[in-house]
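Me: I am new to reading protein models, and I would like to go through one slowly, feature by feature. Could you show me how to begin?

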Amino acid sequence: AVLHNFPDTDFAAVPRRSPSEDLRDWLDGAPYVLGQGAGSPRRYFDQLVEAVLLTEHLKLVVVGPVDTDAVARLTQRYGPDFANRVYLAGWVPQMDIPQYIDHAVASVVLYDISTDNLRLCAPNRLYQAVSRGTPVVVGVNPPMAAFVQKHGCGVVLKDDGRDARGLAEALEIAVQ
């Protein structure tokens, strides 16, 4: 069985507001993709960072916790590009998340498909982005892929997100 984690109407009705001054300054006018909860294990954080850095113009904003070892590893691998192109917002109260969704050019929702629980997930962050009018990039996880294909609200990858180059190509398509 698949439990769809739809957002409630209160979330969808949150008034649109500008991102924080800190985030606006960091973005310096650049478009960004959102990785809501992207730093969690099995959500392909490394590949998402690589995919964004493979694009010439996108930045990445990550809402939610990120493993400090991953940050250290990616900082070592990408040097200043990591800090210049990846913004780690940390934990954000649920009703403040719309300010990040509303200004993103796309929201990326990835789950490793190695277990039934992950393969069949239908997470609230997918529906939250769509409820705010933000396109999504999702993996081949059946519930997410079927939803995106049915509603034409984003791009479905050829895999679950483990291929950074394929993800970068999908990001470029999603933001056109």
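**Charged pairs, strands and surface**

Reply: Let us begin with one residue, R132, which has a relative accessibility of 14% and therefore counts as buried. Please keep in mind throughout that this is a predicted model.

Me: Which cut-off decides whether a residue is called buried or exposed?

Reply: A residue is called buried when its relative accessible area is under 20% and exposed when that area is over 50%, with partly exposed in between. R132, at 14%, is therefore placed among the buried residues.

Me: With which residue does R132 form a salt bridge, and how far apart are the closest N and O atoms?

Reply: The general idea is that side chains of opposite charge can pair when their charged atoms come close. In this structure the partner of R132 is D102, and the closest N and O atoms of the two are 2.6 Å apart. R132 sits in the loop between α8 and β5, while D102 sits in the loop between α6 and β4, so the salt bridge ties together parts that are 30 residues apart in sequence. D102 is buried too, since its relative accessible area is 7%.

Me: How many salt bridges does the structure hold?

Reply: There are eight salt bridges in the structure. One of them joins R77 to E50, with 3.7 Å between the closest N and O atoms. This pair links distant parts of the chain, because R77 belongs to helix α4 (residues 68-78) and E50 to helix α3, 27 residues apart. R77 has a relative accessible area of 52%, and it is therefore exposed.

Me: Which residues are linked in a network of salt bridges?

Reply: The network is made up of R42, D112, D160 and R162. Within it, D112 forms a salt bridge with R162, and their closest N and O atoms are 3.6 Å apart. The two residues come from distant parts of the chain, with D112 in the loop between β4 and α7, R162 in the loop between β6 and α10, and their positions 50 residues apart. D112 is buried, with a relative accessible area of 11%, whereas R162, at 46% relative accessibility, counts as partly exposed.Me: How far apart in space are L157 and D112, and how far apart in sequence?

Reply: Measuring by eye along the chain would be slow, but the values for this pair are 45 residues in sequence and 12 Å in space, taken from C-alpha to C-alpha. L157 lies in the loop between β6 and α10, and this leucine is buried, with a relative accessible area of 7%.

Me: Now I would like to turn to the strands. Which way do the side chains of β2 point?

Reply: In a regular strand the side chains alternate between the two faces of the sheet. In β2, K59, V61 and V63 point one way and L60 and V62 the other way, and all of these are buried. Five of the five residues of β2 (residues 59-63) are buried, so this strand is largely enclosed by the rest of the structure.

Me: How many bridges join β1 to β2, and do the strands run parallel or antiparallel?

Reply: Five bridges join β1 to β2, and the two strands run parallel. As an example, take Y32, a residue of strand β1, whose bridge partner in β2 is K59. Y32 has a relative accessibility of 2% and so counts as buried. Y32 can also be compared with Y100, from which it is 68 residues apart in sequence and 9.6 Å apart in space, C-alpha to C-alpha.

Me: Which residues have a positive phi although they are not glycines?

Reply: Two cases can be shown here, and the first to look at is Y44, with a positive phi of about 60 degrees. Y44 is placed in the loop between β1 and α3, and with a relative accessible area of 11% it is buried. The other case is D28, whose positive phi is about 50 degrees. D28 lies in the loop between α2 and β1, and its relative accessible area of 67% makes it exposed.

Me: Which residues gather in the patch of negative charge on the surface?

Reply: The patch brings together E21, D22, D25 and D28, so that D28, which is exposed at 67%, appears here again. D25 belongs to helix α2 (residues 21-27), and it is exposed as well, with a relative accessible area of 53%.

How values were computed: Residues numbered from 1 in each chain as written. Predicted model: local features only at pLDDT ≥ 70, side-chain atom pairs only at ≥ 80, totals over all residues. Heavy atoms only, no water. Patch = residues over 30% accessible without salt bridge, like charges linked within 9 Å, V, L, I, M, F, W, Y side chains within 5 Å. Areas by Shrake-Rupley, 256 points an atom, 1.4 Å probe, with all protein chains shown as cover. Salt bridge = Lys/Arg side-chain N within 4 Å of Asp/Glu carboxyl O. Lys, Arg positive; Asp, Glu negative; His and termini not counted. Charge placed at Lys NZ, Arg CZ, Asp CG, Glu CD. Helix = DSSP H or I, 4+ residues; strand = E, 2+ residues; numbered from the N terminus. Buried < 20%, exposed > 50% of the residue type's maximum accessible area, 1.4 Å probe, protein only. Pairing = 2+ DSSP bridges.
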